[in-house]
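Let's take a tour of this model, from one chain on its own to the places where parts touch.

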Amino acid sequence: MNALTKAINLFWQSSIGKKLIVAITGAVLVGFLVAHVGGNMLIFAGREAMNDYAYFLHHFLHGAGIWIFRGILVVAFVLHIVATIALTKQNRAAKVENYENEATNVASKSSRMMIWSGLTVLAFVVFHIFHFTVRVDPELAGMKEPSGRHDVWGMVIVGFQKPLVVLFYFVGISLLCSHLSHGIASIFQTLGWRSRKSSEAINKLGLALSVVLWLGFLSIPLAASVVGFGTDEMEMPVTDVADVAEENR
Amino acid sequence: MNLTLKVWRQKHANDRGTIETYDAKNIPGEASFLEMLDIVNEQIVQSGGEPIHFDHDCREGICGMCSLTINGVPHSKEKGITTCQVHMRKFKDGDTIWIEPFRGKAFPVVRDLVVDRSAFDRIVSAGGYISVRTGSAEDANSLPIPKDSADSSFDAAACIGCGACVAACKNASAMLFVGAKAAHLNLLPQGQPEKDKRVLAMVRQMDSEGFGNCTNHYECEAVCPKQISADVISKLNRDYAVASTKEAFK
């Protein structure tokens, strides 16, 4: 056991060890984002589809499933942040004195602001969790379907009626996707799966996935706030919603 | 041609150092970059000043001794060549050229443009070798080596250890150098017995020297005078993951 803890410690101490942790946790988080954006698209399928999906997420494995996933995500998220902050500190220390006349040859803007896009995304995620998961706004927390289930669909539409909230989502998601445009391809390089032969395909995959996620995530706040998607339905008193749903059937 | 030089001057390792401006007059286009500095130094010496100190040796692009960051790019923006192979015809009359030492905490400035790159030697000492009794040469073809392995190994072995990769990296990471030195041996059958030990030892030495971590910007690959591919970094990452996992459960 002692040898194993020593090996884990050496792994954490090493530059490549921490980078491997960043890559693996990054891959877990990208996987989560893909599932998240897929689920989000149910907004456009209507209130029932969205709320059924939300109900399923909260009740599969007798309600334990969501906590297992939340646990995995929190561990991945914390490790990703702790390792990148440690790496960034070392990187700053390794280049104490920089050039008076600096030049960049190939590195993209996104790749050079990873720590800042990452920390902004951290702030965004905290806001997002308080907004739609913890629901600190009593108006959003109190939204119920006639059956008594929490009305996730309505909460999202109402939640995006404030322009400042939409603006913060726009900035947060855009920086997240800038982060991913470098991050996804980097996962392959750090895990040792990138080569001259595959680098172009990997870079394109990273960019394409970032753009798809950006469009997918932003389509909802923009649809709700700019296009007015779902707002007709939300202007009705909540008691009438059951009748509308009945009529639709 | 006449040029304005902005040169880093630093009397000794603990001196603060500063950029000083020099006029380089009547520089022929066929002069190499180092010959241009020789001409400027002659003018400085004639006027009683201290010449600009810089590293150089073979001046043929093969020894890895010359350095210099020219206009922010190690070995200048010309692709695939060292500073000694850069010719002044690449510049225009009236240009201002910034000349700075290779930067990185693990490459301390000794004087002016001369930096101490012995950290690289210590990394190679840690594992960049094969411990076998060599004896006399083996018969040809007694040890079969696949063509693609031989080619990749040869590409990695082209590294001359100049340190441009560290100088170009925003984190002063030595991953391209260490990746090249490790891949060179790890790709060959002779390198197999010590592969894991080599990777762990070289990476640990690299970390202890104070080099930064790779953030996959590929600036190193862009400036490498021997055009070594960042594939060697990818391979080093993979080999390290395997070696450290084996070490943990051994």
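Here is a short walk through the chains, the domains and their contacts.

First, some ground rules: this is a predicted model, where local features need pLDDT of at least 70, side-chain atom pairs count only at pLDDT 80 or more, and totals for chains, interfaces and linings use all residues. Residues are numbered from 1 along each chain as its sequence is written, while chains are lettered from A and ligands numbered from 1 in the order in which they are written.

Chain A has twelve helices and zero strands (helices are DSSP runs of H or I, at least four residues; strands are runs of E, at least two; numbering goes from the N terminus). Its C-alpha atoms fit a box of roughly 65 × 50 × 35 Å along the principal axes. Of the 249 residues in chain A, 27% are buried, meaning 20 or more other C-beta atoms, placed from the backbone, lie within 10 Å of a residue's own.

Now to chain B. Its domain assignment (automatic or from a database) gives domain 1 (3-110) and domain 2 (117-249). The C-alpha centres of these two domains of chain B are 29 Å apart.

Who touches whom? Two residues are in contact if their C-beta atoms, placed from the backbone, lie within 7 Å.

| One side | Other side |
|---|---|
| chain A: 37 residues | chain B: 40 residues |
| domain 1 of chain B: 18 residues | domain 2 of chain B: 17 residues |

On the side of chain A that touches chain B, the elements giving two or more residues are α1 (2-13), α2 (15-40), α4 (64-94) and α9 (163-190) of chain A.

Methods: Buried ≥ 20, exposed ≤ 12 C-beta atoms within 10 Å, placed from the backbone.
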